[in-house]
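Let's take a walk through this fold, sheet by sheet and helix by helix. Have the sequence and the 3D view open as you read.

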Amino acid sequence: MMNSNSQRLILVGGGHAQLSILRALAQRKMDREVTLITPGRYQMYSGMLPGWMAGHYTLDECRIDLLPLAERAGVRIIQSRVAGIDAAQHMVQLADGSWLGFDQLSLDVGSEIDTARLQAAGARLLPVKPLEHFVAQWPRIVQAATGKSGYRLIVVGGGAAGVELAFAARHALAARARNAEVILIASDHGLLPGHAAGVKRRVRVLLQQRGIALYQAQALGDEDGVQLSTGAHLAADRILAATGARPAGWLAQTDLARDERGYVLVDARHRSVSHPDVFAAGDVCARTDVQLPRSGVHAVFAGPVLAHNLLAASDAPLLRYRPRHKSLYLLATGPQHAIASWGALSAQGGWVWRWKNWIDRRFMRKYGTYPAR
Ligand SMILES: Cc1cc2nc3c(=O)[nH]c(=O)nc-3n(C[C@H](O)[C@H](O)[C@H](O)COP(=O)(O)OP(=O)(O)OC[C@H]3O[C@@H](n4cnc5c(N)ncnc54)[C@H](O)[C@@H]3O)c2cc1C
């Protein structure tokens, strides 16, 4: 097993947890050869994506430029995707087929949207992830809706992301395409599973007030739109999918231990249970000791633990990430208004939006104030 004096550290993906490593490296120069492999130079901050759709933020306000961050940290960037990992041989494979050796590896590549049931909708379908693809496509939807009377946009997914997308889309289209229709489809599991009844009630009332129809059924994509398990068929111009997470397919080709769904299994120190020189955090991992929801909150809070465990002196004990029992969720609802959900408690108003805006901007200032090249 390698210790933290190992020379070559590879960071795969510039996800929320890796940002802590880049920050720590910028603060103390280390005798390590660190490489970040990322498909693009920007890391989108999903918390501000609905605000961007609704027109409250520019794109640059919602994304972190990894280039200057890496430069400050003395980290080399390779703009590519990782396509495979041979952890036993300490090698990662890039999209072009080449291999790179590592002594330690930190994996933070997020998750994909599970669109299996919607695939038949073809070009109408737009999954919210990868976020970079989504932000490139969204302005086209607004443009198409502006040019067509009676444009219908369906959002599939009743979790926090789907709810926020529906509210944001409604707000954006109401300004530009008055006759556009936004529909939200939550699955049989219902609206906002895991959130308190009070939050669900608030969301239902606001959906109604904003003219967003809500269906609770399984949706199956077809060439015109979606077929619901209730028997109804809904035609759609475009379908936004926020239908829950699944791990990236290429992870199945690695020798890392994974859970039954395919997520990389880690212990409380975020270390792979099969390969101790590999660490993982964020959506890509599954903890063996506790079930964590796949949300940015845990990717962000696990970051400093990950940074410590990868960068601390070899004789320093590794830290555990101890998630809080309750996480705060602030759901943007279109205009500068939001709903707060914290355990059994909920609240809403313009002040919740200002609170969310303050938290999000504070997070971005931590990483995003470096001048762009
Ligand atoms: C609309 C929306 C709103 C959300 N709002 C919230 C919220 O308010 N609060 C909250 O807690 N959660 C929220 N979430 C969930 C949150 O986005 C995710 O849980 C979070 O982004 C996970 O962070 P991560 O670091 O695991 O991965 P990501 O943030 O997805 O980062 C992964 C990075 O890895 C890169 N990558 C991917 N594949 C590869 C590869 N093969 N090789 C190299 N790099 C790769 C990607 O380009 C990306 O930069 C929201 C999600 C959505 C869709």
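Which strands does helix H7 (residues 296–311) lie across? The answer is S1, S9 and S21, and H7 runs at about 170° to S21. Bear in mind while you look around that this is a predicted model.

**The two domains**

The domain assignment splits the protein into domain 1, made of 8–39 + 80–111 + 247–311, and domain 2, which covers 114–244. Taken over C-alpha atoms, the centres of domain 1 and domain 2 are 32 Å apart.

**The sheet with S1 and its helices**

The strands under H7 belong to an open sheet of five strands, ordered S5-S2-S1-S9-S21, with parallel pairing. Its edges are strand S5 (76–79) and strand S21 (278–280), each of which pairs on one side only. On average, neighbouring strands here are turned by 20° against each other, direction ignored. If you want to zoom in on one pairing, try strand S9 (residues 104–107) with S21: three bridges link them in the parallel sense. Leu107 has Ala280 in S21 as its bridge partner.

H7 is joined in this part of the model by helix H1 (residues 16–27), which lies across strand S1 (8–12), strand S2 (33–38) and S9. H1 runs at about 140° to S1.

H1 and H7 also touch each other. Their axes are 7 Å apart and they pack at an angle of about 45°, which means H1 is oblique to H7. The crossing of H1 and H7 is right-handed. On the H1 side, the contact is made by His16, Ala17, Gln18, Ser20, Ile21, Ala24 and Leu25. H7 brings Ala299, Val300, Gly303, Pro304, Leu306, Ala307, Leu310 and Leu311. Sorted by class, the residues of the contact of H1 with H7 are 11 nonpolar, four polar and no charged.

H1 has another partner, helix H3 (residues 66–73): the two pack at an angle of about 40°, with axes 7 Å apart. H1 is therefore oblique to H3. Here Leu19, Leu22, Leu25 and Ala26 of H1 meet Leu66, Leu69, Ala70, Arg72 and Ala73 of H3. The contact of H1 with H3 counts eight nonpolar, no polar and one charged residues. Leu25 of H1 turns up in the contact with H7 and again in the contact with H3.

**A hairpin with an unusual residue**

Next stop is the antiparallel pair of strand S6 (residues 82–86) and strand S7 (residues 91–94), joined by four bridges. Val82 stands opposite Leu94 in S7. Four residues sit between the strands of this hairpin. Have a look at His90, in the loop between S6 and S7: His90 has a positive phi of about 55° although it is not a glycine.

**The sheet with S12 and its helices**

The model has an open sheet of five strands in the order S11-S18-S12-S13-S14, again with parallel pairing. Strand S11 (125–127) and strand S14 (213–216) are the edge strands, pairing on one side only. From one strand to the next, the twist averages 20°. Strand S13 (residues 181–186) pairs with S14 in the parallel sense over four bridges, and Ala186 has Gln216 in S14 as its bridge partner.

Helix H5 lies across strand S12 (152–156) and S13, at about 175° to S13. H5 (residues 160–176) also packs against helix H4 (residues 131–146), with axes 9 Å apart and an angle of about 40°, so H4 is oblique to H5. The crossing of H4 and H5 is right-handed. Phe134, Trp138, Val142, Ala145 and Thr146 of H4 make the contact with Leu165, Ala169, Ala172, Leu173 and Arg176 of H5. By class, the contact of H4 with H5 holds eight nonpolar, one polar and one charged residues.

One more detail belongs to the loop between S11 and H4, where Pro130 is found. The peptide bond from Lys129 to Pro130 is cis, with omega near 0°.

**Helix pairs side by side**

| Helix pair | Packing angle | Axis distance |
|---|---|---|
| H1 and H3 | about 40° | 7 Å |
| H1 and H7 | about 45° | 7 Å |
| H4 and H5 | about 40° | 9 Å |

Note on methods: Residues numbered from 1 in each chain as written. Predicted model: local features only at pLDDT ≥ 70, side-chain atom pairs only at ≥ 80, totals over all residues. Heavy atoms only, no water. Domains from an automatic or database assignment. Axes fitted to C-alpha atoms, helices over the stretch in contact; angles between N-to-C directions. Parallel < 35°, antiparallel > 145°, perpendicular 65-115°, else oblique. Left-handed = near helix turned anticlockwise from the far one by under 90°. Contact = heavy atoms within 4.5 Å. Nonpolar A, V, L, I, M, F, W, Y, C, P; charged D, E, K, R; others polar. Pairing = 2+ DSSP bridges.
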